[in-house]
Structures are given as structure tokens and as C-alpha cells.
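Work through the exercises below with the sequence and the structure open beside you, and try each task before reading its solution.

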Amino acid sequence: MRSQQEPGKLSRRGLLKAGGALVVMSAAVPVALRPSVAEAAAAGAPFPTPALTDLATWLTVHADGDITWRTGHVELGQGNRTALAQMVAEELDVSFDTVTLVMGDTDVTPDQGVTAASSTIARAGQQARLIAAEARATLLSLASDRLHVPVSRLRVDNGVVSSGRKRVSYGQLVHGKALTAVTPIVIDSQGTHVGATPKPYTEYKLVGRSVPRVDIADKVRQKTGFVHDIRVPGMLHARVVHPKGIGSTVVSVGSLPPGSNAQVVRLNNLVAVVAEQEWDAIKGAAALPVTWSDWNGLPTTEGWPAAMRAIPSKIMTQASKGDFDSAFAAASSTLQATYQTPFENHGMIGPSCGIADVRPDGSVTVWSSTQYPQGLRNGIATMLGISAEQVEVVWADGSGPYGRLSANYDDAASEAVFLSQQLGRPVRVQWSREDEHIWEPHGPGTLHDMSAGLDESGNVVAWKHDAFMAPNNDSTMLGPILAGVAMPAPRKPVGSWTGPDLYQFPNMLELAHQIPELGADTSPYPFGIRTTFLRSPGQYQITFAQEAFVDEIAAKAGQDPLRFRLRLLTDTRAIAVLKAAARRAGWEPRPSPRKEASTSGGTVTGQGIAFVVRDGTYAAAVVKAEVTPATGKILLTEVTVAQDQGQIINPRAIERQISSCVIQTASRVLHEEVTFDTSNITSADWSSYPLLRMDETPTISTVLVPNPGTPPTGVGEPAVNVIPSAISSAVFDATGVRLRTMPFTPEAVMAAMA
Amino acid sequence: MAIELVVNGEKTTVTSSPDTPLLYVLRGELGLSGPKFGCGLEQCGACSVLSDAGARRTCVKPVSAFEGQNITTVEGLPALWAKEQDIPEADLHPIQQAWIEEQVPQCGYCQNGMMITTANLLAGNPNPTVDEIKTAFSTSGPSAHLCRCGTYDQIIKAVQRAAELMA
Ligand code: FES
Ligand code: FES
């Protein structure tokens, strides 16, 4: 793979600067030859934002036949740089290695929305597929003119168009010029419309193959320029001294110790120490005396469940069918239980880092690993009161964010913007581990009151799920808020139900109490404990409660948990993934808990199963676990996931995403909990917020259920949802004890078994 | 005050202040971006390098504590392999080769430390069992090596593959 930099961009800019002239912009000028935001600002000329309906925005066909494809989406480690290139090369009929993707550089890439919610392939990939099909049709029409052969008699192999002995390559046809679509591209609320029809899947040569990921060799050679590695000429290093409490404001800022090589910058409540050398900034930030106001608006780790129930909330009705109350009252037996999930961290291994260069001419360049460069661009324009056309956001690889850099874009970059503006030099803000653990927007804590009524034969006649959810969509950025810059009110964060109802019962009531952020009511800032999208937000918590509770009902009815589910389901894709997971895992059909279940004596083993539909993808998991009641230790031995994601683009990349979901979620379920006192988060490092270790890694098997005729759906999140309840159910099978409050730490397990 | 180190086989004199943790000297002064900042608390392993004393975290200990030592980062692994094999040069160390074959990295941020610890493990135990691999990454250092993307199972396979390639 070649570099991500737009070919020609740098040298062209150098040339333009040397010549002092500016190329006139029009759609006819290839994107790579248009001026950058910086050049436009320097010349006082407008900057043309790349248009989604302009074919030239999407691709450049170079004279040698190489193709540059531009996407607003970014690589987060899930392999979408490779999968998107596979889809594009397939539609264009070119070989895979001629296609290079430019991702998330707002000067040149189209705005395709945020890279999140497993949407890259399902939405941006499908869009790219249509545009690439249109590009191919456009190239064929050019070839038809050139070769004097009707399009219907042309064929394309590896970027060469031919008819009998007549042939011309894409490169010869275009040699870098801007392409104009043969049928205009239309994008409306219904989606993207093009004249061309993409290939039928039966003709795929590249899609469906485990093409090696194009980013991996560089990551192994340490040649990937992570945002943390970028150094801009003249750049200063900064560490931000964040407030003592979530709602604390500055009372006073002292001075750095004599001999410090650093400098203090204060803008309202944004306090930072900057220096030429990073270590001087770190030392300075540690030594700087800052007095903050006391603020004690949080309910504490122990107190939040009761506090959340007491906060007045809006109620969202997810499902209301039949008459739950009467059916529950008339049921021959009933079941009630409360489930709880903690506040969690995204836990990026590399803490947030962003670089900003705010220049005197009013133009801005920001380097960021945000999941949404276009969103960050607009956010920066708003906070500086300038137009988006004056801002360029250049995406660079970062530490896996799992939603941390989606709605909130990039806190560190937003702080760097103000520091750079103040200092007139590029500034790099690197958060400390403590900054990240405390100030990242966390995963929300939730509560779930579950009720079910059964008739005499064990059928569920009444089902209620009453959820209390801290927000999962905070979209604030710390920089402008701390600097005291008024931003248009971000949407009021609320907790939302996500995901379809898995089972249809005759009488159902499903409610979400949408709680505001804890502490927001008394904070001087427009947030409390910031909580936002964390891998499969909402559905992760909902599915834990529902699938574990379904197991409780199956146990009450004395039925095998797999058979119990199969009886409730009619969707053939759902049935297929459950059966596939069970078959591969060697599921033992029997009711839980097993006969030998015990909480005394030595290690006991159990099995658990769970199912979900997430963003159109069907996933089922079987977990096998060993439980040692005396120590409270849960060890996952084998985890099997079967998944139907529609069309498979890259099987190995999907399998890797599934194991990523399994391992990361096992960590969340077994170990993770954000703790806080009345003032702030107290789990500020990896020892107070531990992650799963390699010696706790289970053997993971995956089954990809083939379904090539169905459009592809997401693979980054579905398997996350099936792990928590499958673990809870495996422990129940082994011990007869149901764990309903995450995390299932040794202490919690021992307490539950006592 | 200048401090002498041998970094990736080359004698180097660095001028960062002696209390600077080695990580910032490698990344800042020497421009080696392989070792990563993950915690600054010796709690994650992202900053690991090979030193004369074996795999070491670099985010806390000052550069002065490494004076005179041989320091190898992932960037220096191919040359280290070439030297060990007495061949003119190597494009990749077999550990890197195994990492590519097994397609280990997701985001890749933690992988520097994972490859360094593999080099350290295989130097003392050319044919480790799965349990020995798990121990090396979980309990043998100042902390477990952390990967948030969930690549542990691929790392185990890649360590075994690297052992084969190096045999
Ligand atoms: S950065 Fe050194 S151990 Fe985490
Ligand atoms: S590959 Fe992302 S943290 Fe390990």
C-alpha cells in the first residue's frame, strides 16, 4: 500500500507557494489539484468543499492506471480501509493493489457521516459501491467514444477496456483528469442514486476474499503515523490541567517552579502548561498549583442506582402491546428481577491526542484521530466563529476508540485549537492516562427492572422491561466549554433504547427512563458525568438484561435455554445463527442449572447461550466457563459466535472483529467499573480500572453464516451484545446462582455465592 | 549533560535532561515512534523496548538509568536479527513476519510492546507453550500487556509462528 497522503498534494502546494499563484477552482479541476484550505485562506479565495455528487470528489484515475479513492470514513483498526478498497476495486474491475484510499482529510474527502455503529460497510461501503459502478459506466462511455464500439460490446479486465483486438486502459482514457458522471449522481433522503447498476454478487472476484489488510505491514514496521507521532514544524507540547471535580472552576492559578522551561496558558477554566519539550510540559503540569472550586454534585458509585431512580426523567416507550398489567396479574406464575450495568470506559490504550495550527490568516489545520473529521471540522468552525471552509481536519490513525471519538469528535484537539490560537503556534495536546480515565465520555450506567408472567404450560404471556438509562449520546467537547466559549447548546444527552425486540410476547411493555447526566443539574458546565456511545451503545445493556432474563424464564419453565429460544423465534436467520453456534460449540441440550451445579467445593463448569440482532446483523454466542466459588474467579474457556451479516466482504476481517468483540466484552463484564465519589471519577488508572489479561483469553471459534444475496450489515458491534448474558447464564448453569450486576468481579461472585 | 546510549545498534549521544523518561528521548529527541505512550505509569506495556537487562518499560525510568545500555525498539528488530544470523540485512524480524502472517494488529497502538515482549520471551525460551506465552504477557512484567482491541488470541498464534520461523 502507498501512503495515505493525496498524491501530488504536497508538491503541488510547494509549487503554488513558490509561484505565488493560485489555480482557479472549478469542478473540472481534479480534486488533487485544487488548493487546500490553507492556500485558499492565504490567497483570500473561497475553498470549495468536496461535493458528494461530483464524481471527481470520489476518485482520480491516474495515467498509470492507479486509482485514488476518497472516503470520509476512517480506519479504526477494524479493517475498513481494506474492505472499502475491495468493494471499490470490484465494481471498477481493477486489481486490488491499484486502489489507494485517502480517508478523512476534509480538504478532499466527501462527508459520509461518522465512522461508528458498524456503519462503514453497510452505508458508506454501499454508497461507494454505487459511485464506483457509476465511475465504471463513465469510463466505459469514454472508452466507447475512443474505440468506436458500443458500450454493450466492451469488457473490462484489470482496468483495461477491450473489444476484440481494440483496447484502451482506464489510465489512458483519463490520465488524472476530473471525471464527470455519465448520469448525474443524485443524493437525497432516500439514499444515493446512480444510473449504473452494481455487479451481481455472483460475479465477485475480490469481495468475499480474505485480502490481507493493507494497513498491517506498516503497523508492524512502526511506519504508521499515528496522530500521537505527528510532529509539525514549530509545534509546542501541551498538557492540560483539568478541573479537580467534574463541576469545578478555577479559583486561582499559581506559577511554575523557578527553572521550569514551560509556560502557563489560561483561558477561563482551560489551564495548560506548554513547552518546547514534552517532558517539560509534563513536569510543569504536575508542579503547577491550581486552586479549583469545590463541587460535590455526584451521587457516588454506591449511590447512583438509587439516585437514578429518583431523578425525574422522560419515558420513551419502546414497545406496548396487549395489556401487560392484566396479563401479569392473571399469570399462573411470575418472575421479577433487576439487572444493573456500571459506568464504563472506552479505555483507549493511547490517551487522546490532537494537534492544532490556528494561523493568523484565520485558517486552521487540525490533526486528529476522530471518528468524524467532518463533524470536528464543523465543531471547530463554530467554536472559533469562522466558516467550515477555513478549517481542514486531517485524520491520522489513532488508538482504537470504540465510540470515544464519535459524538464528542476529539476533546484534545478542541483544547489544542484554543491554545494554538492563543500562542500563535501549532500546539499538540496529549492527555495523560489520568486525563483519559477521568475525562473520557464514559459508557453509561443502566438499571433494568424485568417482569414476566407465565401460563400453566410455561408460555410467556406477559413481559415488561423497565430500563433506567444514563445518556449514551453526549456530544460536548471540553475545549470550548472550559475556555468559556459559548457553543450552540449541544443536544440534551439522554439514554436511549436501541435494538429491535427479539421475541414477540402477547402482552409487552418496554420503557426507557431517559435520565440526564448525573451531576449536570448542579454543574456550571453543560454536562455531568459525560456518557456517550460505547461499542453497541444501549443495545449492549438492554440485551444483557433481556437475554439473561429469558434464561431465567427458561429455567423456571424447566426448559433447555436453546430450545426455549427456538420455540419463540420465527425468523429463519435468527434460528440459523443459534443452531450454528450450538452445533459448533457442542451445546448440551438440557435445562439450566446442570445437575452437578454447586457453590461449594472446587471448580464447576457451565454453558450459556445468547442471541441478538444488531443493525441488521444476527449473532449468537455460546460461552463455556469455569467458576471457582471459593475464589470468585470466572474463567471463560471457550466462546463460540455464529454470525449472519449478509454479504461477507472480507471473512478474516470479520472473524477478527468477532474475537475483538468477545475479548473486549469479556473484559467489560468481568472486570470493568468506573468509580466516583461526590466530586469526580476515582478510577484514574489501569490498576483501579483493570482490563482482561491474556491469561484470561478463551479459545474463540467463529461461524460465518453465508448469505451473499443480502446487503452487508455491520460486524464491529453485534457480537458485543451476546457475551454478557451468555457469561451470566454459564455461571448460572455451573452454580445455580444468577449474576445480575456487572462487573462479575471475584468479590461480587463470592458475595453472590455466599 | 550528554548521555550515551546504543540505540538500535548505533552509538548515540542524547542531550535531553537526564531526568527525562527514556520514552520521551526515544520519541522526541531520536524520532523513534515505535515505543508508544500509553499510561506513563508502567501499567500497560506500550512503551516497551529491549535493554541489556531484557524488556523494559520506558515511560517512568529516566534516560540516565539506561546510560551505556543497548536499547532496541521494534524499528531495530530487523537489524538485530541480521546481526544474530550473521547476514548483511533483514527486511523484517521473524516476529514481525509472524505478526503480518497472522494479521495481528487491529488499531496497532499496543503492538510495539507485544512484539518487544515476544522478542524477550523467545530469547530465553525458543519454544514456549501457550501457558508460558500467557504468563509472559500477563504476570511477568511490572503489569500485564494491555490490548484494548482484543488481539490476545492472535498474539498467542503469532508468538508460536515466530518461534517456528526462528527455529
Ligand atoms: S506507557 Fe509505559 S507501561 Fe504504559
Ligand atoms: S491493537 Fe488496538 S490496543 Fe491492541
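The exercises that follow concern a predicted model, and they go from the contact between two chains to a pair of helices.

**Exercise 1.** Describe the extent of the contact between chain B and chain A, and find which three residues of chain B supply the greatest part of the area it buries there.

*Solution.* Begin with the residues taking part: chain B gives 49 residues to the contact and chain A gives 56. Next consider the area, since about 4,400 Å² is buried between chain B and chain A, with carbon and sulfur atoms giving 57% of it. Finally, turn to the single residues on the side of chain B, where B:Gln103, B:Gln106 and B:Arg148 supply 20% of the area that this chain buries against chain A, more than any other three residues.

**Exercise 2.** Count the polar contacts and salt bridges between chain B and chain A, and then work out which helices and which residue classes make up the side of chain B that touches chain A.

*Solution.* Between the two chains there are 5 salt bridges, and one pair that meets in this way is A:Arg221 with B:Asp91, at 2.8 Å from N to O. The residue pairs in polar contact between chain B and chain A, with both residues at pLDDT 80 or more, number 29. On the side of chain B that touches chain A, at least two residues each come from helices H1 (22–29), H3 (94–101), H4 (111–124), H5 (130–138) and H6 (152–166) of chain B. H6(B) provides the largest share, 5 residues. Sorted by class, the residues of this side are 25 nonpolar, 15 polar and 9 charged.

**Exercise 3.** Explain why the salt bridge of A:Asp229 with B:Arg27 joins two chains.

*Solution.* The closest N and O atoms of A:Asp229 and B:Arg27 are 2.8 Å apart, and the two residues form a salt bridge. A:Asp229 belongs to the loop between helix H7 (216–221) and strand S9 (236–241) of chain A, whereas B:Arg27 belongs to helix H1 of chain B, so the pair joins two chains.

**Exercise 4.** Determine how helices H15 and H16 of chain A are oriented to one another, and which residues meet between them.

*Solution.* The axes of H15 (residues 539–556) and H16 (residues 561–568) of chain A come within 9 Å and cross at roughly 105°. Angles of 65 to 115 degrees count as roughly perpendicular, and H15(A) is therefore roughly perpendicular to H16(A). In H15(A), the residues A:Glu547, A:Val550, A:Asp551, A:Ile553 and A:Ala554 meet A:Pro561, A:Phe564 and A:Arg565 of H16(A). By class, this contact has 5 nonpolar, no polar and 3 charged residues.

Notes: Residues are numbered from 1 along each chain as its sequence is written. Chains are lettered from A and ligands numbered from 1 in the order in which they are written. This is a predicted model: local features need pLDDT of at least 70, side-chain atom pairs count only at pLDDT 80 or more; totals for chains, interfaces and linings use all residues. Side-chain values use heavy atoms; hydrogens and water are left out. Axes are lines fitted to C-alpha atoms, for helices over the stretch in contact, and angles run from 0 to 180 degrees between N-to-C directions. Helices (H or I, at least four residues) and strands (E, at least two) are DSSP runs, numbered from the N terminus. Angles under 35 degrees count as roughly parallel, over 145 as roughly antiparallel, 65 to 115 as roughly perpendicular and the rest as oblique. Contact means heavy atoms within 4.5 Å. Ala, Val, Leu, Ile, Met, Phe, Trp, Tyr, Cys and Pro count as nonpolar, Asp, Glu, Lys and Arg as charged, and the others, Gly among them, as polar. Buried area is the accessible area (1.4 Å probe) that two parts lose on being put together, summed over both. A salt bridge is a side-chain nitrogen of Lys or Arg within 4 Å of a carboxyl oxygen of Asp or Glu. A polar contact is a pair of N or O atoms within 3.5 Å; within protein, one must be able to donate a hydrogen and the other to accept it, and residues adjacent in sequence count only if both atoms are side-chain atoms.
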